[in-house]
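The following exercises introduce a structure step by step. Each task is followed by a worked solution.

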Amino acid sequence: MAGFDYDVVIIGSGPGGYVAAIRASQLGLKAAVIERDRVGGVCLNIGCIPSKALIHQAELFRSIPGLEAMGIAVDKRGFDYSKVFEKSRKAADTLSKGVQFLLKKNKVELIAGEAVLSGANEVTLKSGKKVSGRTIIVATGSRPREIPGFPFDEQRVLSSTGALMLEKLPKRILILGAGAIGVEFSHIMSSFGVEVHLVEMLDRILPLEDAESAQVLARSFQKRGITISTGTKALSLQKGPSSVSVALEDKAGARTTVEADQVLVVVGRTPNTDSIGLEKVGIATEKGFIPVGDFYRTKVPSICAIGDVVATPLLAHVASKEGEIAVEYIAGRSPEPRLDPLSIPSAVYCEPQVASFGLPEWKAAEKGIAFAKASFPYRGAGKSVAIEQSEGFVKVLYDPKTKEILGAHAVGAEATELIHELLLARTAELLPSDVASMMHAHPTLSEAVMEVMRAVEGWAIHA
Ligand code: FAD
């Protein structure tokens, strides 16, 4: 560390930055994290955690008809969404404090302030203070992307942050963008009785996921009254004193105008790379992302970049894993130089849940990769019937010659948990026959994983 304040200086304390810092400290490196806002980044404060807290409350609310079916009358007149909001903030605060505690416990120095790169081994805080590091990790994350004509005002035109901060729900909402975030907000809002219209420019909701999984979800959403317009573009917006009207255009060029109380724009994220001094150290971005090579090193050998600022999936667990790889390399270890793109899990938390990793069929076809597939319906696992959640399936794509698992897709109850057994099988280089013959407790939803692997082998019992 000769001559430097720290071995590693990390800008940003999101799931990329804080995990990198703790791992660095575990490996004997002296680490500091600089944060301009709240510890834990988007994920803990205005992303994964508060949204899942809202989803949990939404699902409790959705369970009321089940209680009523048992003869329990629920008086909904006292329903107060601000209490739901408060719970989501409590979850975020608890975890942000938890991360502060972990940083302290691991002897990571937390520096409050906004930093810019001022040299290959130095950052400068707004206060003028300079901090030097043998290495620097940029983990400054991302922010909601605006679209022309729809600037966020967080009153009528909401970003995901504005939607998470609502203390009162609108009656009608138009959601632009049916990726994971748009779908999750559709689930939350519609659960609480908001009239939801979900608009997607591409041909289906969750366009990056398996097409059949997306279809199951779309059908389920429509059944509960969510309006879905795919292949549809939002053209323009007019704001009234208490509502918005948005002009939409479908693929055939037909135009309609939709009225709503608020519009939520969730069409992607912009990396926070524009005002962090990259130009001072000679790093040029590509479409806003920082180009990186092995071990997430930039073209300046002492500077790494991880998480939402690099062009890998914008997910919390991706940011954390990239942080681990970068610091293990800095500590002189030999981690895998990059994440295996086929082993990155994706999880969408709605009802039914959607989860996957690896190749979807459409991508395998696009890339000309030969694959075989097997699927198993949830209703074949007795537990799904017992808990009245038998909608969905588990599907696996595999190499027809070697049976290597190339991808897996699940839509249904707890799909976001089930996917990991399939991913473990791929990671451990197990064959479908290994999982097919492993005993699974009965009744569990995991039996669907065992059965899909048996389906690969041609002997699913409950199909
Ligand atoms: P961030 O979490 O964005 O953290 C970056 C930090 O850097 C911030 O705290 C910021 O204040 C700080 N910073 C920026 N610039 C500076 C500077 N110059 N000086 C000092 N500090 C700076 N992902 C999932 O995997 N699962 C989910 O369920 C999920 N749900 C989501 C729901 C929503 C509504 C949103 C918006 C996102 C969700 N994500 C989810 C995505 C996830 O939040 C991000 O991928 C993740 O937070 C990226 O981590 P990061 O460390 O790269 O950056």
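**Exercise 1.** Is A441 buried or exposed? Place this residue in the chain and relate it to V108.

*Solution.* The model is predicted, and every value below is computed from it.
- Step 1: A441 belongs to the loop between α13 and α14.
- Step 2: The relative accessible area of A441 is 54%. The cut-off for the exposed class is over 50%, so A441 is exposed.
- Step 3: In sequence, A441 and V108 are 333 residues apart. In space, their C-alpha atoms are 42 Å apart.

**Exercise 2.** Describe the overall dimensions and make-up of the protein chain.

*Solution.*
- Step 1: The secondary structure consists of 14 helices and 22 strands.
- Step 2: The C-alpha trace spans about 70 × 60 × 50 Å along its principal axes.
- Step 3: For 463 residues, a compact globule would have a radius of gyration near 23 Å. The chain has 23 Å, which agrees with that expectation.
- Step 4: Of the 463 residues, 51% count as buried.
- Step 5: The accessible surface amounts to about 21400 Å², and 54% of it belongs to carbon and sulfur atoms.
- Step 6: Consider the contacts between residues at least 6 apart in sequence: 63% of these join residues at least 24 apart.
- Step 7: The chain carries 52 positive and 53 negative charges, and the mean positions of the two sets are 3 Å apart.

**Exercise 3.** Which parts of the chain does the salt bridge between R143 and D274 link?

*Solution.*
- Step 1: The criterion is a side-chain nitrogen of Lys or Arg within 4 Å of a carboxyl oxygen of Asp or Glu. By this rule the model has 25 salt bridges.
- Step 2: In the pair R143 and D274, the distance from N to O is 2.6 Å. This value falls within 4 Å, so the pair qualifies.
- Step 3: R143 sits in strand β7 (residues 142-144), whereas D274 sits in the loop between β16 (269-271) and β17 (303-305). The two residues are 131 residues apart, and the pair links distant parts of the chain.
- Step 4: R143 has 31% relative accessibility and therefore counts as partly exposed.

**Exercise 4.** Where do E324 and K321 lie? Work out how exposed each of them is.

*Solution.*
- Step 1: The two residues form a salt bridge whose closest N and O atoms are 2.9 Å apart.
- Step 2: Both lie in helix α9 (residues 316-330). They are three residues apart, about one turn of the helix.
- Step 3: E324 has a relative accessible area of 21%, so it is partly exposed.
- Step 4: K321 is also partly exposed, at 39% relative accessibility.

**Exercise 5.** Which residues are linked with E361 and K373 in a network of salt bridges?

*Solution.*
- Step 1: The side chains of E361 and K373 meet in a salt bridge, at 3.1 Å from N to O.
- Step 2: This pair joins helix α10 (residues 361-367), which holds E361, to strand β20 (residues 372-377), which holds K373. The two residues are 12 residues apart.
- Step 3: K373 is partly exposed, with a relative accessible area of 44%.
- Step 4: The network links E361 and K373 with D210, E212 and K395.

**Exercise 6.** What is phi of K107 and of E154? Describe also the cis peptide bonds before P352 and P443.

*Solution.*
- Step 1: Most residues other than glycine have a negative phi, and most peptide bonds are trans.
- Step 2: Phi of K107 is near 60 degrees, a positive value. K107 stands in the loop between α5 (81-105) and β3 (109-112), and K107 is exposed, with a relative accessible area of 70%.
- Step 3: Phi of E154 is likewise near 60 degrees. The loop between β7 and β8 (157-158) contains E154, which is partly exposed at 31%.
- Step 4: E351 and P352 are joined by a cis peptide bond with omega about 0 degrees. P352 is in the loop between β18 (346-348) and β19 (353-358).
- Step 5: The bond from H442 to P443 is cis, with omega near -5 degrees. P443 is placed in the loop between α13 (432-437) and α14 (447-457), and A441 from Exercise 1 also lies in the loop between α13 and α14.

Notes
Residues numbered from 1 in each chain as written. Predicted model: local features only at pLDDT ≥ 70, side-chain atom pairs only at ≥ 80, totals over all residues. Heavy atoms only, no water. Helix = DSSP H or I, 4+ residues; strand = E, 2+ residues; numbered from the N terminus. Buried < 20%, exposed > 50% of the residue type's maximum accessible area, 1.4 Å probe, protein only. Rg over C-alpha atoms; globule rule 2.2 N^0.38 Å. Contact = heavy atoms within 4.5 Å. Areas by Shrake-Rupley, 256 points an atom, 1.4 Å probe, with all protein chains shown as cover. Lys, Arg positive; Asp, Glu negative; His and termini not counted. Charge placed at Lys NZ, Arg CZ, Asp CG, Glu CD.
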